[in-house]
Amino acid sequence: MTNKKKIAVIAGDGIGPEVVAEAIKVIRKSEELFGYQFELEHGLFGGIAIDERGTPLPDDTLAMCQSADAVLLGAVGGPKWDNNPKELRPETGLLGIRKALGLFSNIRPAVVFDCLIDASTIKREVLQGTDLIVVRELTGGIYFGEKFRREGANGQEAVDTCVYSVMEVERIVRQAFEIALKRGKKLASVDKANVLETSRLWRETVNRIAADYPGVELEHVLVDNCAMQLLRRPTSFDVIVTENMFGDILSDEAAMLTGSIGMLSSASLGEGSLGLYEPVHGSAPDIASKGIANPIATILSVALMFRLSFGWEDAAAAIEKAVKNVLDAGHRTGDIATENETAIGTSAMGDLIVAAMTK
Ligand code: IPM
Ligand code: MG
């Protein structure tokens, strides 16, 4: 295996470029410490691409991502483009890149750091020990089904269709079982099988695949109940697998357990080793260009990239350890600082993490 990898960097909008700049420092430090080599290529994506090129996902950006070993994404979107037609919205670029790269699986870990527990709105005793992963199906369901408007008996109607094939369910569910096998060996499959036909197919498929994983304890949870249980007993979850829109909602909820969405990384994967890595948070236009955003989610996304796309556990662990040490030493960005803690800025946090990285 080669020690050299090509990373496509699409920083995007809002705080995207600021947090990505810190992640790049961490990538460079990993070269120094572990002898890996990275070629970084930059491309336009999201709102900035709409402004400069008239489309959220220019062909050359997509081609650059397709020929890379991994993609690092900052964030996209902002009020400036919110009222644009669908083809000229940054979110359309995000859905487009997921689909074009075949990234059907979105992995969002939610880990409660002990030293940040008081930053959460949930009680300490409920949260302590929370360490779960939401595995979200990313290229199917209502996000990608046929959408249209029509005239009905009572005036205009809008239709969004939700479609899932057995193949689409099977590949994501297998991946979730594999992840569970390597962790706490518990899988919660979330659906709405009491109402939706796609959910009934989902549940049948999960039950069939479960026979191949006798070592994993499986529970089926209805999505409304899951939303409740996440607040009530978060520590009882290990891996949660669910369809696209349920996963969108539940992963934001899981994120807030940890205190700040500014801490959470994510990986989007397909069949091969190419993956797209991005923070779970958005472009936060309200704090953009102020140098105060928390870069940790993006930095931890680099750790996920090293582990999941490259198999470089040493560098991944070094990054995660450095983040933990910096937090344990009491350094905080504004989003995770309590009243009597002084907040530091984006690049100061990045520098501290780089300095804390060791072999
Ligand atoms: C996410 C986001 C996106 C989604 C939006 C921006 C299209 O909320 O990545 O969770 O809904 O998938
Ligand atoms: Mg979301």
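**Close-up views of a predicted model**

**View 1. E278 and its surroundings in strand β12.** E278 sits in strand β12, which covers residues 275-279. Keep in mind throughout that this is a predicted model. Is E278 buried or exposed? With a relative accessibility of 7%, and with under 20% as the cut-off for buried, E278 counts as buried. Leaving aside residues up to four places away in sequence, E278 touches L73, G74, L94, R98, S265, S266, S268 and S301.

**View 2. The R98–E278 salt bridge.** Which residue forms a salt bridge with E278? That's R98, and the closest N and O atoms of the pair are 3.8 Å apart. R98 belongs to helix α4 and E278 to strand β12, so this salt bridge ties together parts that lie 180 residues apart in sequence. R98 and E278 are both buried. For context, a search of the whole structure turns up 26 salt bridges.

**View 3. The buried side of helix α4.** Helix α4 runs over residues 90-100, and P90, G93, L94, I97 and R98 are its buried residues here. Why do they end up on the same side of α4? Because they cover an arc of only 135° around the axis. The helix geometry behind this kind of pattern is simple: with 3.6 residues a turn, residues three or four places apart point the same way. Just past the end of α4, look for G102, which takes a positive phi of about 65°.

**View 4. Where domain 1 meets domain 2.** The domain assignment splits the chain into domain 1 (1-103 + 271-359) and domain 2 (121-257). Their C-alpha centres lie 25 Å apart. At the interface, 6 residues of domain 1 are in contact with 7 residues of domain 2. Together the two domains bury about 670 Å², with 65% of that on carbon and sulfur atoms. On the domain 1 side, L95, R98 and K99 lose the most area to domain 2, and together they make up 60% of what that side buries. How many salt bridges cross this interface? The rule finds 0 between domain 1 and domain 2, while the count of residue pairs in polar contact, both at pLDDT 80 or more, is 1.

**View 5. N244 in helix α9.** N244 lies in helix α9, residues 244-257. N244 has 0% relative accessibility, so it counts as buried. A polar atom of the N244 side chain lies 3.1 Å from the backbone oxygen of G140. Not counting residues up to four places away in sequence, N244 touches R136, E137, L138, T139, G140, Y143, F144 and Y164.

**View 6. Salt bridges around helix α6.** R174 and E170 form a salt bridge, their closest N and O atoms being 3.5 Å apart. Both sit in helix α6 (residues 166-181), and being 4 residues apart they are separated by about one helical turn. Relative accessible areas of 28% for R174 and 22% for E170 make each of them partly exposed. The pair is part of something wider: E170, R174, R208 and D212 are linked in a network of salt bridges.

**View 7. D224 meets K192.** The side chains of D224 and K192 come together in a salt bridge, 3.3 Å from N to O. D224 lies in helix α8 (residues 223-232) and K192 in the loop between β8 (186-191) and α7 (197-210), so the pair ties together parts 32 residues apart in sequence. At 46% relative accessibility, D224 is partly exposed.

Notes: Residues are numbered from 1 along each chain as its sequence is written. Chains are lettered from A and ligands numbered from 1 in the order in which they are written. This is a predicted model: local features need pLDDT of at least 70, side-chain atom pairs count only at pLDDT 80 or more; totals for chains, interfaces and linings use all residues. Side-chain values use heavy atoms; hydrogens and water are left out. Buried means under 20% relative accessible area, exposed over 50%, partly exposed in between (1.4 Å probe, protein chains only). Helices (H or I, at least four residues) and strands (E, at least two) are DSSP runs, numbered from the N terminus. The arc is that of the directions from the helix axis to the C-beta atoms. A polar contact is a pair of N or O atoms within 3.5 Å; within protein, one must be able to donate a hydrogen and the other to accept it, and residues adjacent in sequence count only if both atoms are side-chain atoms. Contact means heavy atoms within 4.5 Å. Domain bounds come from an automatic or database domain assignment. Buried area is the accessible area (1.4 Å probe) that two parts lose on being put together, summed over both. A salt bridge is a side-chain nitrogen of Lys or Arg within 4 Å of a carboxyl oxygen of Asp or Glu.
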